[in-house]
Amino acid sequence: MNDPFPVEPLQPHPITNSAVQSGDSAALGENALTASPAIPAGFQFASVTAGIKASGKPDFAVVLAQDGTTAAAMFTSNRVVAAPVTVGRKHLLRSGGRVRVVAVNSGNANCATGAAGLEICQAVCASAAELFGCAAHEVFPSSTGIIGVPLQGEKLIAAMPAVQRALGHSALHFFDFSKAILTTDTRAKVASAVIDVEGKPIRLLGCCKGAGMIHPELVPHATMLVYLFTDAVVTPADLSSFL
């Protein structure tokens, strides 16, 4: 996205604020990340426990992007896809590559759940849109976790006020976001970099999840979620070309 972005077992949703440019980036641990200055402007992150995971760990991660944020995404080429993949594709197309909210739940992939799964996904998007003052098609949904079990979307909707209270721009907020999207992973996977473009620092930040089911080729065997953020100003078309 421009100032701005997932479903097990079928999707990664890159998120950008507007651009994925090359530059040296280093994987960071929690201590390093919390000290990192490379948090792109224009994004707030939140993670809460909605009650989707039986473990009671955080399972609802949200990004709020400033108005005008551009985005692009790469999806699986599998013929069978989860509800958030279907909805996310439609939303990104309708918005013309504009995203205000990224809503990621872990613990349930909302996959092989039929029409009911689509309705739940759309209801969560509508709830986020109402809370954050944007159109429903500017909400990009993602889900990851078990397959074939109905997603309790009402828990995600009920957690929206907590999400709003938890939002923040710090590195710790981002790291908590990166942990809330995990399922079988043993640790968060994040990277950060700052590059100079004509004397202006451009910040790049990313995180991903996926363990034990990742094929070396992202397409068509995508079983991981990937989110990339930058404060570079890039059109949706250019963002898409970078993926």
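This is a guided tour of the structure above, one selection at a time.

**Before you start**

The model is predicted; local features need pLDDT of at least 70, side-chain atom pairs count only at pLDDT 80 or more, and totals for chains, interfaces and linings use all residues. Residues are numbered from 1 along each chain as its sequence is written, and side-chain values use heavy atoms, with hydrogens and water left out.

**Stop 1: the whole chain**

Show the protein chain as a cartoon. You should find seven helices and eight strands. Helices (H or I, at least four residues) and strands (E, at least two) are DSSP runs, numbered from the N terminus. Now switch on the surface: about 10,100 Å² is accessible, and 56% of that belongs to carbon and sulfur atoms. Such areas come from the Shrake-Rupley method with a 1.4 Å probe, and for residues only the protein chains shown count as cover.

How many of the 243 residues count as buried? The share is 54%. Here buried means under 20% relative accessible area, exposed means over 50%, and partly exposed lies in between (1.4 Å probe, protein chains only).

**Stop 2: strand β3**

Select residues 60-65. Six of the six residues of β3 are buried, so this strand is largely enclosed by the rest of the structure. In a regular strand the side chains alternate between the two faces of the sheet. Turn on the side chains to look at both faces: Phe60, Val62 and Leu64 are buried on one side, and Ala61, Val63 and Ala65 are buried on the other.

Next, add the neighbours of β3. Strands count as paired if DSSP finds at least two bridges between them. Strand β2 (residues 43-48) pairs with β3 in the antiparallel sense, over six bridges; look for alanine 46 opposite valine 62. Strand β4 (residues 101-108) is also antiparallel to β3, with five bridges joining them. Along β4, find valine 101, the bridge partner of leucine 64.

**Stop 3: the nonpolar cores**

In soluble globular proteins, nonpolar side chains tend to be buried together. A nonpolar core is a set of buried Ala, Val, Leu, Ile, Met, Phe, Trp, Tyr and Cys residues joined through side-chain atoms within 4.5 Å. Select Phe45, Val104, Phe174, Phe177, Ile181, Tyr227 and Phe229: these have the most contacts inside the largest core, which has 29 residues. Elements supplying at least two residues each include β2, β3, β4 and α2 (83-95). Which helix gives the most to this core? That is α6, with five residues. Apart from this core lies another, of 25 residues, among them Ala46, Val87, Val101 and Ala159.

**Stop 4: strand β7 and its partners**

Colour β7 (200-209). Seven of its 10 residues are buried, so β7 is largely enclosed by the rest of the structure. On one hand, β6 (residues 189-197) pairs with β7 in the antiparallel sense over nine bridges, and valine 194 has arginine 203 as its bridge partner. The two strands form a hairpin with two residues between them, where glutamate 198 in the turn has a positive phi of about 55°. On the other hand, six bridges join β7 to the antiparallel β8; glycine 206 is partnered there by leucine 228.

**Stop 5: salt bridges**

Side chains of opposite charge can pair when their charged atoms come close. A salt bridge is a side-chain nitrogen of Lys or Arg within 4 Å of a carboxyl oxygen of Asp or Glu, and the structure holds three.

- Select aspartate 176 and lysine 179, whose closest N and O atoms are 3.7 Å apart. They are three residues apart in helix α6, which means a separation of about one helical turn.
- Select lysine 189 and aspartate 185, which meet at 2.6 Å, N to O. Lysine 189 is partly exposed at 29%, whereas aspartate 185 is buried at 9%.
- Select arginine 203 and aspartate 231, with closest N and O atoms 3.5 Å apart. This pair links distant parts of the chain, from β7 to the loop between β8 and α7, 28 residues apart.

**Stop 6: the cysteines**

A disulfide is a pair of cysteine sulfur atoms within 2.5 Å, and a search of the whole structure finds zero. Select cysteine 125 to see why: the closest cysteine sulfur, in cysteine 121, is 4.6 Å away, too far for a bond. Cysteine 125 is buried, at 1% relative accessibility.
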